[in-house]
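Okay, thanks everyone. I'll walk you through one model, so have a look at the screen and we'll go from there.

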Amino acid sequence: MEKDKTIEELLKWLEESVDDDFVVVDHWDADLCAIGISTTTMPQKLVYISTYNQRPESYDVIVETALENQQIGCVSREELLKILQKVLGLRLSY
């Protein structure tokens, strides 16, 4: 998987910030600035994250579930962690 530096940095930060295992989903091969985060226990839920045209450490987020997609918009790193906790049940490492 080849992605933009901003996505690579995001994934590294998530690995350090989240205690639980998560799954990186890449339905957007051509979009180097987008990635999805899911879990093996809840594959029907996905948090789409894009760094395209965003400030450093800011992300455009969409929550996708089997029933609906919810456009969240631009969020900070801390807000992204709260979304991952709420939607996917991920535990933070701090």
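I'll jump straight to the pocket. For the largest pocket, α2 supplies the largest share of the lining, at 3 residues. Keep in mind that this is a predicted model.

How much space lies in that largest pocket? About 200 Å³. Two elements each give two or more residues to the lining, namely β5 (69–76) and α2 (77–88). If you want to select the lining on your own screen, pick K45, V63, T65, E68, Q70, I72, I83, K86 and V87. For anyone thinking about chemistry, sorting that lining by class gives 4 nonpolar, 3 charged and 2 polar residues.

Okay, zooming out to the whole fold. The protein chain has 5 strands and 2 helices, and starting at the N terminus the order reads α-β-β-β-β-β-α. The radius of gyration comes out at 12 Å, close to the 12 Å that the globule rule gives for 94 residues, so the chain is as compact as a globular protein of that length. If you'd rather have box dimensions, the C-alpha trace spans about 30 × 30 × 25 Å along its principal axes. Of the 94 residues, 45% are buried. And on contact order, take the contacts between residues at least 6 apart in sequence: 38% of them join residues at least 24 apart.

Now, the inside. As a general point, nonpolar side chains in soluble globular proteins tend to be buried together. Here, the largest nonpolar core has 23 residues. Which of them have the most contacts inside this core? That would be L10, L14, I37, V47, I49, L80 and L84. The elements giving two or more residues to the core are α1 (5–17), β2 (34–38), β3 (46–50), β4 (58–64) and α2. Of these, α2 gives the most, with 6 residues. There's also another core lying apart from this one, with 6 residues, including V25, W28, L46 and I62.

Let me pick out two residues in there. Take I37, and skip its neighbours within four places in sequence. What is I37 in contact with? The list is L11, L14, F22, V23, V24, K45, L46, V47, I49, L84 and L88. You'll recognise K45 from the pocket lining.

The other one is I7, which sits in helix α1. Is I7 buried or exposed? Its relative accessibility is 0%, so I7 counts as buried. Leaving out residues up to four places away in sequence, I7 touches L32, C33, A34, I35, I49 and T51. The A34 pairing is a nice one to look at: I7 and A34 are 27 residues apart in sequence, yet C-alpha to C-alpha they are 7.0 Å apart in space.

Last bit, for the backbone people. Have a look at the loop between β3 and β4, where you'll find N53 and also E57. N53 isn't a glycine, but its phi is positive, near 60°. E57 isn't a glycine either, and its phi is positive as well, at about 60°. As for accessibility, N53 is exposed, with a relative accessible area of 70%, while E57 is partly exposed, at 48%.

That's my tour, so over to you for questions.

Methods: Residues numbered from 1 in each chain as written. Predicted model: local features only at pLDDT ≥ 70, side-chain atom pairs only at ≥ 80, totals over all residues. Heavy atoms only, no water. 1 Å grid on protein atoms, 1.4 Å probe; cavity = no way out; pocket = protein on both sides within 12 Å on 5 of 7 lines; lining within 4 Å. Points joined across faces, edges and corners; volume = space filled by probe spheres on them. Helix = DSSP H or I, 4+ residues; strand = E, 2+ residues; numbered from the N terminus. Nonpolar A, V, L, I, M, F, W, Y, C, P; charged D, E, K, R; others polar. Core = buried A, V, L, I, M, F, W, Y, C linked by side-chain atoms within 4.5 Å. Buried < 20%, exposed > 50% of the residue type's maximum accessible area, 1.4 Å probe, protein only. Contact = heavy atoms within 4.5 Å. Rg over C-alpha atoms; globule rule 2.2 N^0.38 Å.
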